[in-house]
Amino acid sequence: MLTFLLTYLAVLNLTAFAVFAADKRAAAAGRRRTPEATLLGLAALGGGLGAVAAQRLLRHKTRKQPFASELGLILMGQGFLLAVFGVLAFRHGLVIP
């Protein structure tokens, strides 16, 4: 189960990064853009780190509001969930201190 989850997250984060990069290229070329809902959806489904990495490294949508704030909230929510699952795993002996 853990292998599946890690694979899912790796693929989703790479996909989010790639979609952000493609949107950046489309913006520079004046072509049709990826909807913000799609970009935020990829982040919300687990691709938050890939989305933020692309945002920072590519300097894409860093000042666009409310997009940047929403992406930050998604990442904070994912961090919170990770912390909760970590505490639960620790309490149930699934993680060795």
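I started with H1 and found Leu12, Asn13, Ala16, Phe20, Ala21, Asp23 and Ala26 buried (under 20% relative accessible area; exposed is over 50%, partly exposed in between; 1.4 Å probe, protein chains only). Helices here are DSSP runs of H or I, at least four residues, numbered from the N terminus.

Note to self: this is a predicted model, so local features need pLDDT of at least 70 and side-chain atom pairs 80 or more, while totals for chains, interfaces and linings use all residues. Numbering runs from 1 along each chain as its sequence is written, and side-chain values use heavy atoms, with hydrogens and water left out.

Next I looked at what covers those H1 residues: helix H2 (36-58) and helix H3 (67-91) are among the covering parts.

Then the largest nonpolar core (buried Ala, Val, Leu, Ile, Met, Phe, Trp, Tyr and Cys joined through side-chain atoms within 4.5 Å): I get 13 residues, with Phe20, Leu40, Ala43, Ala51, Phe67 and Leu71 having the most contacts inside it. H2 gives the largest share, 7 residues.

I checked Phe67 too: leaving out residues up to four places away in sequence, Phe67 touches Phe20, Glu36, Leu39, Leu40 and Lys61 (contact: heavy atoms within 4.5 Å).

Salt bridges last (Lys or Arg side-chain nitrogen within 4 Å of an Asp or Glu carboxyl oxygen): I find 3 in the whole structure. Arg33 pairs with Asp23 at 2.9 Å; Arg33 sits in the loop between H1 and H2 and Asp23 in H1, so the pair ties parts 10 residues apart in sequence. Asp23 is buried at 0%, whereas Arg33 is partly exposed at 36%. Glu36 bridges to Lys61 at 3.1 Å and to Lys64 at 3.6 Å. I note these three as one network.

Key
Helices (H or I, at least four residues) and strands (E, at least two) are DSSP runs, numbered from the N terminus.
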